[in-house]
Amino acid sequence: MRIDVVTIFPDYLAALDLSLVGKARRAGLLDLRVHDLRAWTADRHRTVDDTPFGGGAGMVMRPDVWGRALDDLTRAGEDGGPAAHIIVPTPSGEVFTQRHAETLATEEHLVVACGRYEGIDARVVEHHRAAGYRVSELSIGDYVLNGGEVAALVMIEAVGRLLPGVVGNPESLVEESHGAAGLLEYPVYTKPPAWAGLEVPEVLLSGHHARIERWRRDQALARTAARRPDMVAALEVAALDRHDLDVLAGLGWVVDGDRLRRAEEGTPGAVAE
Ligand code: SAM
């Protein structure tokens, strides 16, 4: 996979030399290139922003500078190669999830456009969509950062670790939080078996694989119900077994058609069922 990142702070992306993503780069699994947006400016001061039409606080990034940068970096599509998928981090985008990471990990070329100030002139996205590019405006959460660089780091790490060969043991990706099961991961423990007066749950020392698997699944259900009821509400009943449904009923969730809903007052019958 090739990823081009455009930013006015290329040094911000230095963290991508570290850890698994850095290793993936060195192993040639990920061709990651970081570019200074100012390389596409046309004036002596290398200006990338200007005042907003309509007035108001802050500055807006100029469409002409961004247009030249994205035209240059997405050009691969024109020689018959796959057109780049342009990612624009923005707090007003769709919230980036593991599903986005999985989809983006199948792309051959991503170009990430890191905004600053009040963001990028809206015509840049409009123009590249009209030119036939896929453009995804993605938010990493409901808060506002100063620039898109941290969001780019988040997305590149989430996507990069899904590329074949990047994570040493691909099995470790299977049961993770936000995986195909739609649950949070169960709690994990290592040596020593007793620490600070706390014991590792006995079942994990039992060597009984079926019991361990069931315990982990129950813990994942309980943790998800406690922390992310929205994820329980999104589970498909058909993907749950009888024991799962018992555990969830104990946590106050009842079957309602092909989904689950929280038991309310007046629904003890449904919980019992
Ligand atoms: N005026 C914009 C708004 O209210 O939607 C916020 C601009 S923000 C100060 C500057 C840049 O930071 C954005 O263009 C975007 O690149 C990045 N950014 C800020 N928060 C983000 C978030 N939650 N997710 C992704 N990118 C974000």
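**Exercise 1. Compare the span of helix α6 in this predicted model with the span expected for it.**

Solution. Helices here are DSSP runs of H or I with at least four residues, strands are runs of E with at least two, and both are numbered from the N terminus. Helix α6 covers residues 209-227, which is 19 residues. The expected span is 1.5 Å times one less than the number of residues. From first C-alpha to last, α6 reaches 27 Å, close to the 27 Å expected.

This is a predicted model, where local features need pLDDT of at least 70 and side-chain atom pairs count only at pLDDT 80 or more, while totals for chains, interfaces and linings use all residues. Residues are numbered from 1 along each chain as its sequence is written, and side-chain values use heavy atoms, with hydrogens and water left out.

**Exercise 2. Which residues of α6 are buried, and what covers them?**

Solution. Buried means under 20% relative accessible area, exposed means over 50%, and partly exposed lies in between (1.4 Å probe, protein chains only). In α6 the buried residues are I212, W215, D218, A220, L221, T224 and A225. Their cover includes α7 (229-233), α8 (242-250) and β10 (253-256).

**Exercise 3. Where in the chain are the salt-bridge partners D244 and R217, and is each buried or partly exposed?**

Solution. A salt bridge is a side-chain nitrogen of Lys or Arg within 4 Å of a carboxyl oxygen of Asp or Glu. For D244 and R217 the N to O distance is 2.9 Å. The pair links distant parts of the chain, with D244 in α8 and R217 in α6, 27 residues apart. D244 is buried, at 2% relative accessible area, whereas R217 is partly exposed, at 25%. Salt bridges with shared partners join R214, R217, D218, D241 and D244 into one network.

**Exercise 4. What does the salt bridge between R116 and E149 tie together?**

Solution. The closest N and O atoms of R116 and E149 are 2.8 Å apart. R116 lies in the loop between β6 and α4 (123-130) and E149 in helix α5, so the bridge ties together parts 33 residues apart in sequence. Both residues are buried.

**Exercise 5. Which element gives the largest share of the largest nonpolar core?**

Solution. A nonpolar core is a set of buried Ala, Val, Leu, Ile, Met, Phe, Trp, Tyr and Cys residues joined through side-chain atoms within 4.5 Å. The largest has 27 residues, and I3 and V5 have the most contacts inside it. Elements giving two or more residues include β1 (2-7) and α5 (149-160). The largest share, seven residues, comes from α5.

How values were computed
Contact means heavy atoms within 4.5 Å.
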